[in-house]
Amino acid sequence: MGRTRLLWQIFPSYLLITVCSIMALTWYASRSFRDFYLDQEAIGLESRAHLLEPQISHFLIDGIATRTDSLCDLLGRRSKTRLTVILPDGQVIADSERDPETMDNHADRPEIKEAFHGAVGRSMRFSNTLQKNLMYVAIPVVSGDSTIAVLRTSTPVATIREALSVIYDDLIIGGIAATILVALGSLFISRRISLPIEEIRRGAKRFASGNLRHTLPTGGAEEMSTLADTMNQMASQLDDRIRTVVQQRNELNAVLSSMVEGVLAVDREQRLISLNQAAADLLSIDQEFAQGQNILEIIRNIELQRFITATLSSNEPVEGEIELHGDSDRYFQAHGSVLTDATGHDIGALIVINDITRVRRLERMRTEFVANVSHEIRTPITSIQGFIETLLDSDDPQTPDTERFLRIIANHAERLGSIIEDLLSLSRIEQEAESGEIHLEKTELRPILVGAIQICEGSASEKNIPVQLVCRDTILVSANQTLLEEAVTNLIDNAVKYSEFGSPIIIEAVTEDEYVVIHVRDRGSGISEEHQPRIFERFYRVDKARSRKRGGTGLGLSIVKHITQAHGGFATVESQLGRGSVFSIHLPRIDTPS
Ligand code: ADP
């Protein structure tokens with residue numbers, strides 16, 4: 001049901017109030033008029049009675065009662081008033097309308113009774129004599145101290161009604177005229193009240209439909225003008241804010257669409273809130289179609305879904321790599337962070353993806369190239385080493401220089417051999433890790449560490465270095481035994497290499513939060529802080545000459561790093577120059593942390 005307009009709410013109320021007031025006023029006025037008219041009529045009747053009373057009194061005292069009737073006849077006709085004279089016993093002796101002989105005893109009439117009690121009697125009732133309603137006024141006719149008769153004047157009520165009806169007609173006409181005037185006036189006032197409100201309503205509707213430039217007129221009553229003024233201010237502020245928001249949105253869109261990185265935002269239910277053109281291109285999805293859809297329906301990739309789930313459940317920024325399978329495999333580096341609204345509530349996640357397919361391909365090419373080259377060089381180097389050994393072991397006499405040169409060549413060939421072995425080992429680990437070929441199994445850690453110590457036993461005892469192992473038998477890891485042993489061996493080998501004669505080495509395995517950590521401690525030369533961040537890079541050596549002298553290839557720690565990563569862990573170093581180092585391998589725990 002439609003709502004009534006304000007005008008049609010104000011106007012009828014006004015009209016109703018006014019019509020009721022006029023009706024009440026008319027009713028009250030007509031009653032007052034009637035009362036007043038009846039009073040006047042009674043006063044008139046009483047006056048006429050008083051005028052006649054001396055004459056009647058005179059006739060009665062003189063005993064010429066017969067003349068009373070003819071006097072009443074005459075005066076009654078002239079004054080259009082019925083005149084009656086009644087004796088104290090109730091007998092009617094004169095009446096202007098009827099023969100008194102035929103009339104009943106009037107002693108019981110109320111006005112007569114009152115008049116015999118000395119007052120002016122008034123009454124209005126039906127006259128049996130004249131068969132109509134009459135107004136009666138009776139006064140006592142007095143002689144000396146006694147009432148000798150009652151003179152009654154009366155007039156028909158119908159006459160009074162006729163006179164009153166003329167007044168009533170006038171009052172009704174006046175009332176109707178006043179009602180019409182008031183109705184027109186009410187309509188005019190109602191319109192004056194409702195018009196500004198109507199105008200503000202129309203203005204508010206325009207604001208709501210987005211037209212905020214239009215201003216409302218501020219004239220009229222103070223309240224209306226203040227309201228219009230406030231609404232105009234509100235609209236202008238809203239307009240400013242909307243423009244700022246639109247401008248910011250456009251800027252943001254411009255930034256997002258000019259980004260090379262793909263940006264996508266999802267809500268907590270993993271529905272896509274927005275994505276830029278780069279993301280649409282990288283993930284080969286339709287930007288328009290994708291909005292609001294669940295990410296799983298658009299991109300069927302379990303890694304991406306896992307990454308988004310991890311981002312949504314993490315308070316920290318998340319980093320990871322995603323592989324997208326298709327006609328040609330593609331690799332992305334992804335950064336995820338939680339999206340929060342103005343109140344700080346999580347509303348979803350923002351994912352930034354970078355296409356690293358080219359980098360990956362180049363890396364693979366490099367690995368393959370290094371592996372191929374190393375492989376190709378290995379055979380000639382082995383034969384060179386073989387020939388040198390043959391020459392050195394031969395019984396033919398050699399000049400001291402020849403022998404010295406042969407030993408130098410043998411040293412270099414051995415170094416080259418070590419580098420090639422390390423390079424091949426590194427390439428193998430990288431390739432196997434990338435293709436997921438590294439087989440991990442649940443195994444006890446202690447035997448692996450014991451194995452690594454045994455491998456280094458020779459070099460350690462050469463320098464009289466005691467190697468201590470601290471590891472509970474119960475510690476389990478998910479590992480590739482050979483690789484993990486290789487990594488620990490490299491660390492022990494380094495510790496031996498860079499420690500002084502007799503300086504002890506401790507290998508300790510502990511469980512910390514989510515990791516099993518293998519520490520290899522030495523009290524050797526230590527590494528200054530500036531070198532520590534780069535120590536795990538390929539061929540990075542703090543002191544090249546010293547490393548070379550000790551048979552180092554600069555690849556040992558790089559191998560450790562790759563092996564640890566292949567196990568889902570990481571390697572760290574803590575060291576102080578001149579005081580020793582602690583190299584640690586962190587492996588994910590497979591038993592639940594207590
Ligand atoms: P290298 O074959 O030269 O030892 P690594 O990759 O194993 O190569 O080590 C890189 C460099 O880190 C070394 O050259 C050495 O300077 C430093 N380093 C490694 N382990 C230790 C250690 N335990 N104490 C001091 N320096 C070390």
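## Polar contacts with the ligand

Let's start at the ligand: one of its oxygen atoms sits 3.0 Å from an N or O atom in the side chain of Tyr498. Keep in mind that what you're looking at is a predicted model. Asn494 also points a polar side-chain atom at an oxygen atom of the ligand, this time at 2.7 Å. On the nitrogen side, a polar side-chain atom of Asp522 lies 2.9 Å from a nitrogen atom of the ligand. How much of the ligand does the protein bury? Taken alone, the ligand exposes 520 Å², and 97% of that is buried by the protein.

## Who surrounds the ligand

There are 21 residues around the ligand, and the ones that come nearest are Asn494, Ser547, Thr553, Gly554 and Leu557. Sorted by character, the shell holds 9 nonpolar, 9 polar and 3 charged residues.

Three elements each supply at least two residues of this shell: helix H13 (481–497), helix H15 (556–566) and strand S17 (580–588). H13 gives the most, with 3 residues.

## The sheet

Now for the strands. An open sheet of 5 strands runs in the order S12-S14-S15-S17-S16, and its pairing is mixed. S12 and strand S16 (570–576) are the edge strands, each pairing on one side only. On average, neighbouring strands of this sheet are turned by 15° against each other, direction ignored.

At one edge, strand S12 (residues 467–470) runs parallel to strand S14 (residues 505–512), with 4 bridges joining them. Val470 has Glu508 in S14 as its bridge partner. At the other edge, S16 and S17 pair in the antiparallel sense over 7 bridges, and Ala571 stands opposite Ile585 in S17.

## The hairpin, and a link back to the ligand

S14 and strand S15 (residues 515–522) run antiparallel and are joined by 8 bridges. Their hairpin has 2 residues between the strands, and Asp513 takes a positive phi near 45° there.

Which residue in S15 does Ile505 stand opposite? That's Asp522, a residue you've already met through its polar side-chain atom 2.9 Å from a nitrogen atom of the ligand.

## Stepping back to the domains

Zooming out, the protein is divided into domain 1 (10–163), domain 2 (210–258), domain 3 (259–355), domain 4 (368–435) and domain 5 (441–588). How far apart are the centres of domain 3 and domain 5? Taken over C-alpha atoms, 39 Å separate these two centres.

Key: Residues numbered from 1 in each chain as written. Predicted model: local features only at pLDDT ≥ 70, side-chain atom pairs only at ≥ 80, totals over all residues. Heavy atoms only, no water. Near = heavy atom within 4 Å. Polar contact = N/O pair within 3.5 Å; in protein donor to acceptor, adjacent residues only side chain to side chain. Areas by Shrake-Rupley, 256 points an atom, 1.4 Å probe, with all protein chains shown as cover. Nonpolar A, V, L, I, M, F, W, Y, C, P; charged D, E, K, R; others polar. Domains from an automatic or database assignment. Pairing = 2+ DSSP bridges. Axes fitted to C-alpha atoms, helices over the stretch in contact; angles between N-to-C directions.
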